[in-house]
Structure formats: structure tokens, C-alpha cells
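Thanks for sharing this one. Here are my notes, point by point, to read with the model open beside you.

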Amino acid sequence: MIPKEIDDLMWAIAEGTDQAAIEEFGDRYPNLREELLKRIRTIKALKSGSRLPRSITTPTFQNTQVRPANWRLIWATFSLAILSIVAFGVYRANTSSLPKPVVPPVDLSHSQLPATNIPDATQNIPQPLRVPQNNQNPQGNNQPLVITKPPNPSNGLKTMKLESATLQAAILLIAEEDHMTVTIAKGTPNPTIKIDYVNMTPMDMLKDLGQQYAFTPVLDGEHAILIIPKKDEDEGQINGDSH
Amino acid sequence: MSIYFEGAGSFDEDSILVERFLAGEASAFEALYAKYYGKVLSLSKGVLISEEEAADVTQEVFTLVYRNLHRFNRQSKFSTWLFRITINRSIQESRKRRFKHKHVELSEAAESVAPEAMEDADPRIQLAMEKLTPQDRAILTLFYWQEQNLQEISESMEINLNAAKTRLYRARERFRIYFEKEVPHDSERN
């Protein structure tokens, strides 16, 4: 076992190039001469390993796609992003605190009646809905009131001409124009009539016929119409002609 | 061992080149690249043994430096920072290669060294180096090939001075053991 100080000395001599130091160490420690030579050989090998090929050439560095960082630009972009986020936040806060727009009243005079309780259609036409004040819905909370008008199947204007048809057949044809099914109550008159409607909705046609032949057309759901006769009407008015 | 210090002029030159590059002067980086390409290649080759892989790592190192030079904090020398990146990247690559080629014979590894390198280098050195860990090769390369002193090595490897000294000593011992096994005895030579 070589003492540490001798070991360190041997490495120091091995790493130097002082021939006299090598000779002196060999004279002083002849038994370690061979060990010193091994270390000199080791150091020489380690240093010689650094040699690069003679033909080494420095290739051209290619990194044109990457530019050095421009911190001013980065900070400007970052600041702009922060400002945008803050501005959006302020905008959202302001818009959410504004009073909700007042929804205008919607005329629901043509709204449908419950299918199970239609004793007198003329009395069951509901009053038009009106939006409560302070923009509150009927439940009293502050949720905005959204009123959706039920689909009115009679919006489309139609032209209908019949030279000779029974009243009930005419009602069926008119309702079919609006893709509606018709239920005609018992007691509805059925004279032979002539019709000539131009640019009218099927519902208006039925109402007009109802005035002439004593019945009331009532919406029954979204796609059905009830035809209810007026019992107290004077049947003598029915003369079989229209327009 | 002659301890190598970069002169003050060289340090200033590197700092100036760094500042010029960060100010947008591309030619300043080319000057740094030309100055340090050989050293980085040599250091990487010391860790990786294979010159081909070392060349690839060298390109990656300079790409990293190009992209991240603004992160250089100037508390150490540019060369120390550069060598730190080189060592880390080379050790990383060495681990990947060990995983890929763990069954490759050492003789095959020695044969994979470029022909030009084989002309000059003693293959027994390559074999002994191959048996060391990448960390051992890194510290030996920094000390004997790059001629860095222990302080610079401690900064390059991000370890303290005493740890650098101990690691260097142990790495040198391990190399000696492996090298002595490869070197024929005097009686065998004759």
C-alpha cells in the first residue's frame, strides 16, 4: 500500500515533464520506479487521447431559422396579451352588470288551448302575455324572461279556389294546405259551397268560413284544428255561397 | 500538468462576442463557433468515443447555445458555460447509446472510430476509456484534453471543488487499471 503523500507525489511527477524529478524519485524509491513509469505511461496515454484528426474542418453553422431572442418584442407581446385579457374581463364585467333588455310583449291571441277542456272556444282565448316590470319573470326571480311564441301554422299566405265542394271537404282542403289535421265536431253544417280566397292564411280562411257558416276554428295543439259549430247561430244564414 | 487559464483578453473577447450577438450581430456567433468548434468536438468525443456521434452532439450544442445565449448569466466564463452544456448533452447521448448498443462488443466500438482518428489514437486508450462511465470520461477529458483546472471543472460539471478533485483522482485510477490491462507487459512486448 502506497502512502497517500507518496501517491500524490508520484501523480504530480507523472503529470510533469521534469526528467530530473523522475530520476530523483527513482533513486529515492527504487521499489516504486516501475509504478512511477506506469503512471507516466497512463498520463501520456490520457493526454494523447485528445488528438483530433488532422483533417478536421469546421462545418458551417446553420441555424438561420432561429433568431436571437428579442426581449423587447417578447415583453411587448406579453404586455399586449395581458392588456387584452384585462380589457376583456372589464368588458364582461360591465356587460353583465347592465340591465337586461326589455322583451316586448308578445301577442299570443292565437295560442293553443288545452285539448281536454274546450267547452267554449271564444271564452278560452287567453289574454296577451305581457312582460312584468323590472324585467322579472312570473316566478319573481331575476332571470331574463324568454317568451317563445308557439309556432303559428297559418303564417303562409295561400290561394284557394273551389267551384263546388261541401263545407267540410273545403275545411279539410284548407287545413291540409297548412299540414294540419282537422277534427270536425258533430253538428257542424255541411252545405255545398264555393270559395275563392287569394293570399290569405288557411286559418283566416277557416275563420271567414266560420263566420259565414256558423262554426269556430280552434287550434288544438301545434298541428290540429277543431271545428266547433255555433249552436245559437241562425242556420237560416247558411245560403251555400261565399264570395 | 500545466494548468490552463484563459487569458483576460480571451475572456473579454468572448464576452464582447456574446454581447454583439445578443445585439443582433450574427457574425459574432460565427466567430464563437469557429473558435470553439474544435474544443467542443474534442470534449464530446472524449465522452462519447465515437467521432461521428460527437460531431452530431457538437452541432446540437451550438444550436442550443445559439437559441439560449440570452440565458447565459455571465457569472462564469462563456467557455465554462459552453463546456457545461457539452458535457451534459454528451453524457445524455452516451446514456442513450449505451441503452441502444449495450450488447455491442468493445472491439466493434473501437472499430467504429473514424479512420483518421484511428491513425493517431492508440486503440488501447479507446478501449480503456470505453470501460469508464461517461462522467469519468467527462472529467478526464476536461482535465487532460481541455486542460481546465479544477475550479473550472467544478463549474463545468456543477460540483464543488473537493468533489471535482476526488472524482478526477478516482477516474484517473480507474483509467489506469483498465489501461494497464490493455498494455502488454515488457516481457510480452519483447
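1. A good place to start is chain B, where H8(B) and H10(B) pack with their axes 9 Å apart, at an angle of about 100 degrees. (Axes are lines fitted to C-alpha atoms, for helices over the stretch in contact, and angles run from 0 to 180 degrees between N-to-C directions.) That angle makes H8(B) roughly perpendicular to H10(B), since 65 to 115 degrees counts as roughly perpendicular, under 35 as roughly parallel, over 145 as roughly antiparallel and the rest as oblique. Helices (H or I, at least four residues) and strands (E, at least two) are DSSP runs, numbered from the N terminus.

2. Before going further, a word on conventions. This is a predicted model, in which local features need pLDDT of at least 70 and side-chain atom pairs count only at pLDDT 80 or more, while totals for chains, interfaces and linings use all residues. Residues are numbered from 1 along each chain as its sequence is written, and chains are lettered from A and ligands numbered from 1 in the order in which they are written.

3. Which residues make the contact of H8(B) with H10(B)? From H8(B) come Asp136(B), Ile139(B), Leu140(B) and Phe143(B); H10(B) brings Arg167(B), Leu168(B), Ala171(B), Arg172(B), Arg174(B) and Phe175(B). Residues are in contact if their C-beta atoms, placed from the backbone, lie within 7 Å. The contact divides into six nonpolar, no polar and four charged residues. Here Ala, Val, Leu, Ile, Met, Phe, Trp, Tyr, Cys and Pro count as nonpolar, Asp, Glu, Lys and Arg as charged, and the others, Gly among them, as polar.

4. H10(B), residues 161-182, also meets the other chain: its axis and that of H3(A), residues 33-48, come within 10 Å and cross at roughly 100 degrees. H3(A) is therefore roughly perpendicular to H10(B). Lys38(A), Arg39(A), Thr42(A), Ala45(A) and Leu46(A) face Phe175(B), Arg176(B), Phe179(B) and Glu180(B) in this contact. Its residues comprise four nonpolar, one polar and four charged.

5. Chain B as a whole has eleven helices and zero strands. Of its 190 residues, 37% count as buried, that is, with 20 or more other C-beta atoms within 10 Å of their own (12 or fewer is exposed, in between is partly exposed, and C-beta atoms are placed from the backbone). Among its contacts with a separation of 6 or more, 69% join residues 24 or more positions apart.

6. The largest nonpolar core has 45 residues, and those touching the most other members are Val40(B), Leu43(B), Leu82(B), Ile139(B), Leu140(B) and Leu142(B). Such a core is a set of buried Ala, Val, Leu, Ile, Met, Phe, Trp, Tyr and Cys residues joined through C-beta atoms within 7 Å. H3 of chain A is one of the helices that supply at least two residues, together with several from chain B, including H8 and H10. The largest share, ten residues, comes from H2(B). A second, separate core of 20 residues includes Ile171(A), Ala175(A), Leu209(A) and Phe215(A).

7. Chain A also holds an open, mixed sheet of three strands in the order E2-E5-E4. Strands pair if DSSP finds at least two bridges between them. E2(A) and E5(A) pair in the parallel sense over four bridges, with Thr181(A) bridged to Ala224(A) in E5(A). Helix H5 of chain A, residues 167-177, packs on the sheet against E2 and E5, and its direction makes about 155 degrees with that of E2(A).

8. On the other side of E5(A) in the strand order comes E4(A), and these two pair in the antiparallel sense over five bridges. Phe215(A) stands opposite Pro229(A). The two strands form a hairpin with four residues between them, and Gly221(A) in the turn has a positive phi of about 80 degrees. Helix H6 of chain A, residues 202-213, lies across E4 and E5, running at about 150 degrees to E4(A).

9. A last detail concerns Ile2(A), in the segment before helix H1 (4-15) of chain A. Ile2(A) counts as exposed because 12 C-beta neighbours lie inside 10 Å. Its C-alpha atom is 9.0 Å from that of Leu32(A), 30 residues apart along the chain.

Conventions
Contact = placed C-beta atoms within 7 Å.
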